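Dear colleague,

I am handing over the structure below, together with an account of what was found in it. Please look it over before reading on, as the notes that follow are written for someone who has not met it before.

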Amino acid sequence: MLLKIIAGVAAALALVSCAPAAPFHPERFGEDPTLPKDVLLFIKPAWYRHASLDSLAHWFQHFGWDHGFNVDTTDHPEIFNSDDLGRYDVVVFLSTTDLGNALNDDQKASLAEWYRKGHGIVALHAAAVHHQTWDWWARLVGCDFNSDSDRSRARLLVDPEASNHPAVKGHSPDLWIEEEWLCYDRSVSDIPGVKVLLRLDESTYEPVRKKFQGNGGKPMGKDHPAAWCREVDGGRFFYSALGHDVRALSTPFGRQHLLGGLSWVTQATPGRGAPVSSTSPQGALR
């Protein structure tokens, strides 16, 4: 019996040694020049802290590994100085509610200076919430929070003029995504230089949950942006409502959407890949 067991183990080892090697994925080793090399993920809110932030930060680390770029995650605002910021191609703000109170004046100035030198910012979900405490950031985002929905499956429409943007390219004109959707205090569609990528179809879900229905919450109607970008003030900015938790971001669309946004803003960094044609004219934030 012992000899049979030994023979069986030997046969199994032989099969393993003859098995084909795992497929090589070059995108995991930084061979795509359009992607960032180093990303700073900032997760410190000054107001409401989403319970999913820690799991999102963990997911983001693996997302970076899968696509060949480094992700440093922190909730320490001291990193916003010219020396430390100089190491990064892109800064991602993940549900950093009330960012103006998370950073002090020197840190805000360092971030704005870094951005104006031709770098990229990605803002996700509640990074567009309660930022009246910082004029520069408020102007960059273009709107603020009004209310939100319960987690809902909703129809999103790709703006026809944005169909070639890497954050939506290759997908059908309409998508169904489940997320906690935000209503903003204004549409960004009429802001010069802003390119809306996705809009929500409010007829497919309840845009204002009960908590806000009696507290000033208002739906946005036919023009309800859910993702947009702009090239302004020397750098590139990308915002998406996705990111309340990992579920929407970890879908095939969510991964491509985020990867496309990161790729697009990276092209603002000097010397990084072939230039991507601008979706908007450069100008100063006003």
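**Aromatic pairs**

The structure, which is a predicted model, holds 16 aromatic pairs. One of them is formed by F42 and F93, which meet edge-to-face, with 6.1 Å from centre to centre and 80 degrees between the planes. Because F42 belongs to strand β1 and F93 to strand β3, this pair ties together parts that are 51 residues apart in sequence. Both F42 and F93 are buried.

A further pair is made by Y184 and Y239, whose ring centres are 6.0 Å apart and whose planes stand at 85 degrees, so that this pair, too, is edge-to-face. Y184 lies in strand β6 and Y239 in strand β9 (residues 235-240), and the pair therefore ties together parts that are 55 residues apart in sequence. Y184 has a relative accessibility of 3%, which is under the 20% limit, so this residue counts as buried; Y239, at 0%, counts as buried as well.

Beyond single pairs, there is one aromatic cluster that is formed by F42, F80, F93, Y115, W134, W136, W137 and F237.

**Strand β1 and its partners**

F42 leads back to strand β1, which covers residues 38-42 and has four of its five residues buried, so that the strand is largely enclosed by the rest of the structure. Which strands does β1 pair with? With strand β2 (residues 70-74), β1 pairs in the parallel sense over five bridges, while four bridges join β1 to strand β3 (residues 90-94), and these two strands also run parallel. V39 can serve as a point of reference when you look at this region, since the bridge partner of V39 in β2 is V71, and the bridge partner of V39 in β3 is V90.

**Salt bridges**

A search of the whole structure finds 17 salt bridges, and several of these can be followed from residue to residue. D159 forms a salt bridge with R199, in which the closest N and O atoms are 2.7 Å apart. This pair links distant parts of the chain, with D159 in the loop between β5 (145-158) and β6 (174-184) and R199 in strand β7 (residues 194-201), 40 residues apart. D159 and R199 are both buried.

The side chains of E161 and K195 meet in a salt bridge as well, at 3.0 Å from N to O. E161 lies in the loop between β5 and β6, whereas K195 lies in strand β7, so the pair ties together parts that are 34 residues apart in sequence. Are the two residues of this pair buried or exposed? E161 is exposed, with a relative accessible area of 66%, but K195 is buried, with a relative accessible area of 13%.

R199 also forms a salt bridge with D223, where the closest N and O atoms are 2.8 Å apart. Here again distant parts of the chain are linked, because R199 is in strand β7 and D223 is in the loop between α7 (210-213) and β8 (225-232), 24 residues apart. D223 is partly exposed, with a relative accessible area of 27%.

Finally, R151, E178, E179, D245 and R247 are linked in a network of salt bridges.

With kind regards

Methods
Residues are numbered from 1 along each chain as its sequence is written. This is a predicted model: local features need pLDDT of at least 70, side-chain atom pairs count only at pLDDT 80 or more; totals for chains, interfaces and linings use all residues. Side-chain values use heavy atoms; hydrogens and water are left out. A salt bridge is a side-chain nitrogen of Lys or Arg within 4 Å of a carboxyl oxygen of Asp or Glu. Buried means under 20% relative accessible area, exposed over 50%, partly exposed in between (1.4 Å probe, protein chains only). Two strands pair if DSSP finds at least two bridges between them. Rings of Phe, Tyr and Trp (its six-membered ring) pair if their centres lie within 6.5 Å; planes under 30 degrees apart count as stacked, over 60 as edge-to-face and the rest as tilted.
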